[in-house]
Every structure is written in C-alpha cells, then in structure tokens.
Amino acid sequence: MDFEETPSKITTKEFLAVVLAGFGNELAPLTSNNGDEPCPKALLPIVNKPMLDYPLAWLEASGIRDVLLICPAPHRASVLHYINSDSSASSFPSLRIDLQAFDESENLTVGTCQLLRHFAHRIDQDFIIVPCDFIPPPSLPLSRVLNKFRTEATYDGAIATTLFFEQPKPDKTSTPEEWRSGPASTSVVWDEKSGTLLHVDTPDEIDDDPEEMALNMSLLRRYPRSKLSANLQDAHVYVCRRTVLDVLKEKPRFDSIREEFIPWLCTPQYNSRKRSKYGHILNPLHNLPSQRLALEHCTLHTGLPSAYEPQSALSSPMDEVAPTETSSLRVGVVVHRASAGYTARANTLQTYLELNRHFLSQTTYALPIDSESRSLIDPKAQITSDSMVGHTTKVGERTNIKKSVIGKHCVIGN
Amino acid sequence: MPPKSSSSKEKDLTDEDEVLQAVILADSFNKRFKPLTSGKPRCLLPVCNATLLDWTFESLALAGVQEIFVVCRSYPELVKAAIRDSKWSKPSLGLKIVSIITSKETFTPGDAMRDIYTRGIITSDFVLVMGDLVSNIRIDEVVRVHKERRRTNKDAIMTMVVKPSGVVHRTRSKGESAIFVLDAETSECLHYEHVTGYPPKKHAKIPREILAEHPEIEIRNDLIDCGIDVCSVEVPSLFQDNFDYGDIRRDFVHGVLTSDLLMKSIHCYVAREGYAARVADTRSYDSVSKDILARWTFPLVPDDNHPGGHSYEHIRGNKYLAKGNSVVLSRTCKVGSNCLIGAGTHIADNANIQASVIGQRCTIEANVTLRNVYVFDDAHIGAGSVIEYSIVGSNVKVGEGSTVARGCLIGDDVILGKNAKLGEFERVSRRRDEGEADESDKEDEDEQSEDSELEEAEARQDSESITAIIGEGSNAIVWPKGPRADEEDLDEVERYNNQRLMRIGDPASDLPLEYEGTESDSDASERESDESDLEMHALSRISSATSTSAISTSTPGLNIHTLHDAAAYSEFQAEVTQSLDRAFAEGHSVDNAAVELKTLRMASNVPLRKVREAVVASIVERIEVVEGDAAAQRREISKMVGRWGPLIDKIGGVDPVETIEVLQYHCAKSARLPLFGQILAALYQDDIVEEDDIRAWHARPEAKGEGLKDTSFAENVKRCWLVGTKMIEQFNEQESSEEESGEEDSDEEEQPSKKPAAATAQAAVGKKEESSEEESSSGDDESGEDDSQDSEDDAPATKAATAAPSQPSKPASTPASTKESEEEESEGSEEEESEDDALAPSQPAASKPSASSTTPAVSAAPSAPPPVPAAHAPALVSSTAAPAQPSTQDEESSEEESESEASDKEPAQTAQSQAPPAVASSKQPVTAPSKAESEESEGSEDSEEEEESEDDAASRATEPVPQAQVSTPKASTETARPPATITTQTESVATIPAAVPRPRPGPDVVGGQPLRPQQAAWRRHSIHFGDKVLKSGTTTGEKARRVVTTAGRQMKKGILTILRRNEREKQSTR
C-alpha cells in the first residue's frame, strides 16, 4: 500500500495551470530590450524575486502540478534558464513546467484568446489561466477560487470562476508621480449572494455608448438584486472547464480573454438563446443528482437566488414558478476585498512600484548572515530596516539606504 | 455632553409632534377598471367588502397621520359622501380629513400636485399615497428616517417606500414595474428605470456617470413600488416649476435624478417588514384581496380592524363569515378556503365557492360554482351558473345557467339573461337610458371619451350574437375587446397588450415577455440575426396563440405591426394630401413644399416610394380634365406638371424610372388614365424623366403589369405600357431619321400625328429657352476653345436662323405657361395673353424644333453661333420675352455667351453621363429661370438695381454646377441671353431661397438640391433626425417612434412658421 503515490496522481489530473507571460509593454522601459538581450517581464524582480515566482508559488500552494508556461519566443531562453535554475527548481519542486513559446513581437502582440486556441491541444482538462504578473496576497489562497469552482461546477453546472479584487482606495498621502497612470478598473455586475459574474463592461461597450451601460433585462430578471461595482479589477485568474475552449474555437473573432471572451462567457447564463446555442458545447456535468444532496449541505455552497420568493402561503395558479435549471452555465466570481490584504497585478509601472513598496513594508530587513555577503557591506553604511539588499552587493562607506531595494551584485558607493 | 444631546432629542420629539400630513390622490388617472368604475371612482371599489379608500385611510391611520387631504377628480360628490359616512370622520378619531376637488383638467398625478401647490395646504413633510393603497407598513418609521436624513442633507427631498419581493410576485405588476438603482449603503436612489411588460424591454440603461461617485451600487429589479412617498415641502413646488411632470415616477423621479441643475436626491426606504401594495389594476385587485384573506396585511384583516367596520368570524382555512348569523349557508353548499362572505348573503344548495369574496346581501342560488370571483354587494347569481376569475359588480343579476369565463368584468346593475355565456375577458355594463346618457354628457365633459366608447359599444349591440352572449332579457351592453383604435395616442403603459398583463385571470402566456437578449457587441451580425429571429419567433408565437386560444381571438397580435404600419401610411397619406392641398392653394414654392414633404416622410418613417406615390397622385388628380380639346388638355397638363413636376424629384431622392412606374400605376387606378401619355410627355418635357428612363421603365416587368391579378387594373397598366411603347418607337424613329439626314423636315412629316412627340418638341423648346438663360449667364475667361466650338457650329448656325422665325413667341410662352405660379399671377397675366397667342403657332411649330432638339448633333446647331449671329438671336428671343430689354446689353451678353459655351459644354456633358448628383441637380434650373422669367417683365425696368447685382450673378453662374444641371442635348442649344435675366435671377435669390441654384455642392446639398445655409441647417437637423427614425424603425421601438413622430410634427410646425416668415419678408421687400 503506497499512500503517497495515489493522491498525487489524482490531483495532477484535475487542473492544468496556464501561465501567460507577455512582453509587458506597459512596463517599458523596464521591459524594453537591453541591447540584444530581451528583458522578459516575467523575470522582473519584485523585492529581488522574479515576478513569476509569485504566481508559481501560489499555484503550488494549492496543489497544482502541471503548468503550461507560455512566453514570447525571444524570451524563451532566459525564461527556460530561470526555470531550470537552482532557485526555481528548489522552490517549486512539485511543479512540472511545460514551457512553450509563441512567435510575436512587441508591436504585434497576439491576443490571449489566440494563444489559448493555439495551445488548446495541450490542455486536456479543466484549466486555470494565471498571468505572470498577478501577485496574490497570503490571505487569498488559490484553493478558495478552486473550491468555488469545484462545488459550483459539480452542483449547478458552472462553467468558469473568475477572481476580482477591490482596488485599494487611492492613498491621498502618496505624491502623484508623472508617469502614474492607475490601472483602469472595469465596471462589473455581479450577484453577491451566489457569487456570480453577470456582466463585464467592455471597452467596446463604452465606445458604443459612453453615457449609459445597457444591461440585459433577462439578466436583471434572473438576478434581480445584483451589484454594480466600479472599483473591482480583474485579476485575470480564470478557472474554466475544458469545454470552454471548444466554445472559444467557435468564436474566432475574440482577441482578448479579459476584454472580450469572459464578458461574452457571462451571457449564456441568462440569455436562453445563447444557452441553447452553446449549452451543448459547454456541456456541463450531468452527474448532478448524486452529488446534489451532499453539496446542499456543504458550507461552501451558498445557494442560488430563487427567482420566486414565496411571500404568500397561498398557491396561486397564475404565477408560474421558474423552471428549475439543470445547469446554470454560471460564471462564478470570487471578490477579494482590499481590506483583506493588498494585491495587484504588476502590469503597470505604478502597481509595480506599489507592490515593491508593499513588500518592503511587510518584511523587516536584516543584514545578510553569511560572511561573504556581509563583508561587502561597509559597517559604516546605514541601511534602514525597510530596505532590502541583495546578495554579494557591495555597499560603500557612509552609504545611506532608506526604503529601497538593492539587487544582487550591485556596487553602491565607492 | 449628555444634557445637550437629550435636549436635542427632545427637540426632535417636538419636531415630530407637528402634525403629520398626508395627501391621497384618490383618482386613478386611468381606466383599467372600466366598466366597474363607470358610475363611481376606483377608490370606492370594495376590496374584501371595504372600499379602497377605507383601506388607504386605515393604512395611514396606522402610521399616525393626523391630517389627510383627499384629492378627488371624478365623482367628487361620491367620494365626499363616502368620507362623510365613514368611521373616519368621527371626531373621536382625531383624524382631520379634507377633501379637495380638483378640476377635470387634472389628467395626471402631476396636475394634482400642482393643484396642491397652488392651494398651499402643505406645511411640512408629508406622506403622499395613491387612493388604492393597502398597507401595514409603519409609515411613521419611514417619516422618521426621512426627517433624520433631512437634518443632515437638505437635498434629500423624497423617500419612496419599496418592498423587496422577487421578480415574479403576484402583487408586483408585470405590466408596470421599475428597476431601482440604489447606493448600497445609503439607499439613495441613483437611477430609476421604468419597465413596461409589453413590448418587453430589452435593456436597462444605467448612466455611467453615477459610478464616479458611487463605486458600489445595487441594481434592484425585485422591488415592489408601494406608492408611498414621504415628500418634503419642495416636492409640490418642483411639480409647479416643471409643468411637464405628469407621472410621479416616470417624470418626477426620473426628472429629478437626471437633472443637472436641481441637485436634489431621492432615497428609497426598503421595507423589510410589512405589507404594502396598490390595487392599480384588476390583477392586483385579485392578488391584494388574496393577500388580505391570507392575512399578510395583519393587523388589517377582515376579522380585526376591518376598515369598512364589518365584523367577520375567522374560520380555519382563512374563511371569513360575517358575524351575527345573517349569513345563510345551505347545508350542502361548499365554501372553500380563502373565502369571505358578507352579511345577509344567502348561499343555496350545492353551491361551490372557492377563493372568492362575496359582498353583503347577495344571493347565490343552487348549484352555482364560483372560483376566484369577487362579487360586490346585492348581487344575485342564478342557479347553475359557473363564474371564474371575474369581478361582478353590485346589484348584478346573473341569469340561470350562465357561464362567465375568466377575466370578465360585469358592471353595476347589469342583468344577464338565462344561459348567458360570457367569453373570456368580456366586459359588460348596463345599457343606459337615452335621457340618462344625455344627462351624463352634459354633466361632465370629461367623461366624453368614455361615453363615446360606450356609445360605440352601444351601437354594435343589435346583432344576435350579442344576445347569445348576454342572454335574453338582458340590459347589458358588451364592450369592445381588443386594442382601441386610438391606441397610438395612449401612454405605452396603457396600451392593450401591456394592460393584458394587468388583467385579472389573464396569464398572457402568448405574449413574449422575455426579451431573449443578443449576442455580445463583438459579433454584430450574429446579433442581428438573433434579433430578427426573435421577432419572428415572437410573432409566430402570438399568431399561433391567436389561432388557438380563445383568449387572444380578440388580439390580432400578429397584425399589430402591420396595422401599425398601415396606420402610419394612411396617416402619412392624409398629411401629404393636406400639405399639398395647402401648397397648391397658397401657391407655395416647390422647395417649400418639398421641405414640408421631407419632414413628413421622416416623421412618419415611410419609404420614399410612398412619398413619390403621394406626390404623383396629387399632381395627377389636380390636372383638370378638358373634354374634347386636346390642345387645352395639353395646356392644362403642362401647366400643372411645369409648376409642380419638379417636386417629384425634390422629395429626397431622384428615381425617374420609379416615377414613371408610380405614374403608370396611379393612372391605371385613376380616371385620368387617358392622360397618361400626355403627362409622361410633360414630365419628359420638364426633364423630370429622360428618354433613357422611359426605356428603362418600359423594360421592367412591373411596367408590363406582370404579376397583377386584378384584371381591369392590370389591363390599364398594360395600356399605359403600350403608350410607353409608342413613345419609345418614336424615340427610335427620331434617332434613326436624324442619323440618316439630320434634317428636321423628315421628322416634321411624322410628328404631328403623334401627341407625345409633339409634346416632346414643346419640351425641347422650353428647355432650349431655359438652357439659353443658364448658359448665357456664365462668364468664363477661357476663350481658347471658343474658336473650335464656333467653327464646329458654323454650319448649323444657319439653321438656327431658319428656326428662329418660326418660333419667336414660343420660347417666351412655354416657360410662362408652365411655370407660372398663383402668387405671380398678377404679373403673369400679361404674359398669359402672349401665351395664348404663342400657343396657337406653337403646335405646328413644335414639330420643327423638336427635330433639332432631340438629337445632340442637331441641337448643337443653334447653340453656338459665331458672335455676330448670336448677338442677333438673343435679341429675337429676348425681345419677345421682355420687350423692355435694353439692347445695349446684347453685345455684352453675346460676348459672355460665346465665352461660356466653351467652358460649359464639357462639364455639362460629362456630368450628365457620369455623375448622378449632377443629374439630380439638373432639375434645379427648371424652376429657377422660370422665376426669373416671370419677374423679368417688371425686373427689366429697374435695371439700375439689376446692374449692381449683375457681377455677383455672373460670378455665381460661372461655377460649374449650374451648367452641369443643364442636360446635355438641350444644353447645347445655346442662344445668348442678356445678363438682365441673370439679375432677376439674383433677385429671386433673395426672395425664394430654395429656388436658387447654389454653386458649390457642399455638404448642404441634399438629394442633389442645394440649399441656403439657414435651410440647410434645418435639413441637417432633419437628416440627422431621419437617421434616428431609421434606427428606431429597425428596432421597432414603439416609444421611440412615437417620440419621433411628435418631434417630427413639432419640427414641421417650426419649419412652416419659418417658411411663412420668409414669405412675409419677401412680400415686404417687394
């Protein structure tokens, strides 16, 4: 009896993580080519750790084994080097990273939908799309999203689960920098009670009608008490059923997952026309009855809003009770509140800076213990505890380091 | 600081001690309960045997309201009496009830609010309710919250009470509901979206700007609007300031929330506890009654606190029997659960009563079955009757063995005969006595419309089928079912199909209520197909329902759209006829008439062809028929066509082929069939149709009358086509003969025999004249090409000389006769004399020039004579047209002319052959010179003035467009005209704006027609507006359409006033 082998095999089958690493055009000039050497966004350090470390650690913590890492072809070598390097191999021993490159240039980026379509043959099971730049807080384990997906997909046929986080309120004390451009938040309509994403306000729609947001009445009929939030940001973390890819193939015109596909994916749940059209492709699980009873008692399950709330004990033949759906085709949403911990996507210079600052404030730095690194720091140098200095960095005499991150192998002063 | 706070608290208490006022709007402002409400106001209808007004008083009394104003409009004396006799007016209750009688002109709640404002009765925050409220909500709590909010925020002017219920709830009206967008924390109402049930609303539009200040908002589609508002004193004054506020929700709330100026806010009070609902329609009448029986309104239940003061005994199963042993129940009768039986009612053997309310002193005979029926006082239900889901008024007698299907409303005092069979959703009321009807007519004019409806109903009562419905010996009349004829004018909430959602017992399952959405914006094509599919789907559903279910036999649902369209067409047709009548009678300029038509078209959203049909029809019908005198007949035709023909091409698009077809089809239907050929010829003359167009038309299958069933009509169409055939033969002959010889003599022999050709000739002459005016007006410095042109034309120049003597009077007469308008008649009368002279020779002479004018080669002949003869020729022409022409100008003109033709010819010809806009604009000069011509006689005399503007005119005319307008073959017939003509043209620029060809085909040129800036501005407006119409048309938004129509009417009005002003100015300048 080998207990250790079996469970790991089961977990590998469940999800495949698709990590998307792009060029990071928003992060220029940090990501612009350094001579002939490309500067991959995924490897930009946040407090001296490559950005990619954070999502990978997040994935591993939730028990994901298989990772499909997609990066631009020019970055392939350096990313591959990083993956095979000691640091990552030691920190993520259980991950099996399959690195795939796609041909694109900075100017002609391939849409995320196209990437997904292109690599669809490598995805055989339900999958999680994670961007390389999402830095999750410790208070938000991926398993929270996965568990919601697991229960809902089984219980009422949800097709995807998304993750949104509340944008922290702008800090009044921080001075606005010139290049500061806050990440644009999207307006989303969602049902709080059941955690369902109902509508995402896409840029296309804003272009169509900058004055008003049009919400389908069938949406409002099915979810009569929905929330419209303008302060949420998409973490670009999507847990999807494998069948979602089949629908994606049907929609060749979609370019961006976040701006086009996910907003569209929200519609079949209340649009019966689309439901009938795509329902069979999405083909949610039908082994419901067996698990239904168990899941009804599950604490994770919050229950669907009942369209008909019986206020009166009288049964009136005039009111039709809404037919019970076999599968909801829902898109779940997990909302991470700002009060529960800072999180952001490091996809703009501003959030990149904010994240660095955030992590600095979280840890207290102590001087390196090993003598080799220690010897390089001049004893007369002043380094405050809200700073960080990498290995084998030489810090000269009377250097004053405050609230800063210094990388490895740097020379400061003298 | 505890002392202070306690003192402030005391102060609060004293604040709240001030008298709490309430306003009851006791009128429904609609007719949903007809015919139950003919004879009494809705607020006096009994619900569970107590009037609605009593329920409302009870609800308010529960909230501690001390002073109540009852605003009543219809039957005020009844309301007053009801209040006087009720327990509420007892002094011991401490309730002060004041009834306010508002005028009959109060049509909306908004009017009532304005009335309240003018009376100045409101002193503090007050509760505003409708007179049909049943509620046990603690309104005093709402008032407290409201006042507290007011303390910190003076702009919070109103608090609406809403109750969460879920989307589908029986007391939540399907036909009329709303989406409230609230701030999650403060429950401030940020946006109010009214939702009608049918046609189903597709999208709720939420303004994005509210997100800027409220990042987290709630969209609530699950709230019942209880119709209870706590308002501050400003509210009536806001109604006063905004006189267009009608409905409290749709106008006032929406207006306040969307206003950028008011800066007021409205809040919602989401009542978690309690019950509140309005009896706004028969369906909610049913559901509220059931709710009361099921004790959801506790403590307002029949056995306790019955507002009518009755006392009932509550028996298990929610049965209520009047106390005092006055109810007589047979031993074998069955009374199911949820029933209420009033005092003094007798129920006989084997009667079965389920979920029904029976009034006082009723008699239910043996074997009667009542299911979900509301019977008012003193009714008598005959033995063996079966009634379902209906409301039976007081003192009604239903004969034995009758059947009343679901959804019927039986008015007070109706007697139904034996074995009456009321179908589903019938409404019957008592037939009034003659005298009574008159009396009520006099009594209140306001009920007029109702009366007319009644009379209409009365009028169709004689047939036997009606007797079958209501039984022998009945005094009832059956009200018409289905949508009313004036449905269009109704508010969309009150339209028939939407009202069906508010009827008792109507499941309305055949109405597609759920808009099934669209594909996302990124795949538009898919979306479109989806939408059309949906519509088809919806329609088929309705139609199938019509064919199968008896419910909707009255509802020709399928026809709604087509009927609607047909109505729009007929309305449009009528409007066009009117406006053309006006134009003809008052002698508008063609352009003014065209502007009016365009506006009409956009307002009614009809295709261009319809306009064309209307215009052609009205022109044709206005041609006077002259029997037996072909010449006179021709004169009539050319007069009419010349004056109004250009209008055909100014209605917004030019399609001569269609014009011919329309003309053909009209003539085929009309008594003026024999005139078809002549009219067509006249159109040809006036350049409205070209030879090619006639050929194109002729080749079309429609022209041959293919696919027409109606034999006589088809025959007529065929006859018209044959006329066309003849004409084309002529064209062919002309062409061939000219190719052969180029001499007019050969043609001359053939042509007099054929009328159309003669007319063609006439046209040619007319055109020659016009074109000469046009051409001469253009001065160009390029003279290099002159020589070549001249040399080319040298030889035919002699021909011009020969032709000239034969037609000297002709050119003058043709334009004058064709173009004279009534307003210019006084001036034109002189010319008319000459015209008569001219016409005599014109017919024989016509044949001659026709030969020259029809082919380009020959017609070019007289066009470019060398300078010297040219100078001569115009002299001839102009001297007849305007004898006062100063001869000194001839030289000048001849120079100009010779210069111009060179530059003109090329653009003219290319434009004609290639550019459609140029062709379109070629209609322009037809009127412009004519005006010039008619004014010439007077214009030439004040030549000083003219010479001033001469330069201007010349420079205008040099632009290529006017030249391009002159169609090629005729364009080349150039005889110089003195600039004097041009100056008169410029004069007409000043007076008749649209008649002036503007040189630049800028963005202002619409449909090939140049405009003055001012007019262009309107046009731009209307074009923009037209797009809108199209848009709304495609989505078939009824409302949009309505709005557009009214907007269109307003615009039309505006344009008319401007046009009139123009006319006035014109006269004053003269």
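## A tour from ring pairs to strands

Welcome to this predicted model. Across all chains, the count of aromatic pairs comes to 17. Two of these pairs make good places to begin.

**Stop 1: rings in chain A.** Select Phe254(A) and Trp264(A). Their ring centres lie 6.0 Å apart and their planes meet at 55 degrees, so this pair is tilted. The two residues are 10 apart along the chain: Phe254(A) belongs to the loop between α9 (243-250) and α10 (257-265) of chain A, while Trp264(A) is part of helix α10 of chain A. Are these two side chains out in the open or tucked away? Phe254(A) is buried, with a relative accessible area of 3%, and Trp264(A) is buried too, at 0%. Now add Phe261(A) and Tyr278(A) to the selection, and you will have a cluster of Phe254(A), Phe261(A), Trp264(A) and Tyr278(A) linked by ring pairs.

**Stop 2: a tyrosine pair in chain B.** Move to Tyr285(B) and Tyr374(B). With ring centres 5.2 Å apart and planes at 85 degrees, this pair is edge-to-face. The pair links distant parts of the chain, 89 residues apart: Tyr285(B) sits in helix α9 of chain B and Tyr374(B) in strand β26 (residues 374-375) of chain B. Both tyrosines are buried.

**Stop 3: the helix that carries Tyr285(B).** Widen the selection to helix α9 (residues 282-293) of chain B. From first C-alpha to last, its 12 residues reach 17 Å, close to the 16 Å expected at 1.5 Å a residue. How many of the residues of α9(B) are buried? The answer is 12 of 12, so to speak of it as mostly covered is fair. Among the buried residues are some with charged side chains to click on, including Arg283(B), Asp286(B), Lys290(B) and Asp291(B). Step just past the end of α9(B) to find Arg295(B), which has a positive phi of about 70 degrees.

**Stop 4: a parallel sheet.** Next, select β19, β22, β25, β28, β31 and β34 of chain B. These 6 strands form an open sheet in the order β19-β22-β25-β28-β31-β34, with parallel pairing. At its edges are β19 (334-335) and β34 (421-422) of chain B, each pairing on one side only. Zoom in on β25(B) and strand β28 (residues 386-388) of chain B, which run parallel and are joined by 3 bridges. One bridge to look for has Arg371(B) partnered with Glu388(B) in β28(B).

Just before β25(B), pause at Asn367(B), in the loop between β24 (363-364) and β25 (369-371) of chain B. Asn367(B) is partly exposed, with a relative accessible area of 44%. Which residues does Asn367(B) contact, leaving aside its neighbours within four places in sequence? They are Asp349(B), Asn350(B), Ala351(B), Gly384(B) and Ser385(B). For a distance to check in the viewer, the C-alpha atoms of Asn367(B) and Val386(B) are 8.6 Å apart, although 19 residues separate them along the chain.

**Stop 5: an enclosed strand.** Travel back to strand β1 (residues 21-25) of chain B. Here 5 of the 5 residues are buried, so β1(B) is largely enclosed by the rest of the structure. In a regular strand the side chains alternate between the two faces of the sheet. In β1(B), one side holds Gln21(B), Val23(B) and Leu25(B), the other holds Ala22(B) and Ile24(B), and all are buried. Now show the partners. Strand β6 (residues 126-130) of chain B runs parallel to β1(B) and is joined to it by 5 bridges, with Phe126(B) as the bridge partner of Gln21(B). Strand β4 (residues 67-72) of chain B also pairs with β1(B) in the parallel sense, over 5 bridges, and there Val71(B) is the bridge partner of Leu25(B).

**Stop 6: another helix.** Select helix α17 (residues 608-622) of chain B. Its 15 residues should span 21 Å at 1.5 Å a residue, and the end C-alpha atoms are indeed 21 Å apart. Among its buried residues is a run from Ala614(B) through Val615(B), Val616(B), Ala617(B), Ser618(B) and Ile619(B) to Val620(B).

**Stop 7: zoom out.** Show the whole of chain B. It has 38 helices and 36 strands, and 58% of its 1070 residues are buried.

**Last stop: confidence.** Colour chain A by pLDDT. The mean is 79, and 79% of the residues reach 70 or more. Over residues 7-11 of chain A the pLDDT is below 50, and this stretch has 2 contacts beyond near neighbours in sequence. Residues 304-325 of chain A are also below 50, with 40 such contacts in the model. Where pLDDT is low, the predicted coordinates should not be read in detail.

How values were computed. Residues numbered from 1 in each chain as written. Chains lettered and ligands numbered in written order. Predicted model: local features only at pLDDT ≥ 70, side-chain atom pairs only at ≥ 80, totals over all residues. Heavy atoms only, no water. Helix = DSSP H or I, 4+ residues; strand = E, 2+ residues; numbered from the N terminus. Expected span 1.5 Å × (residues − 1). Buried < 20%, exposed > 50% of the residue type's maximum accessible area, 1.4 Å probe, protein only. pLDDT = per-residue confidence, 0-100. Contact = heavy atoms within 4.5 Å. Pairing = 2+ DSSP bridges. Phe/Tyr/Trp six-rings, centres within 6.5 Å; stacked < 30°, edge-to-face > 60°.
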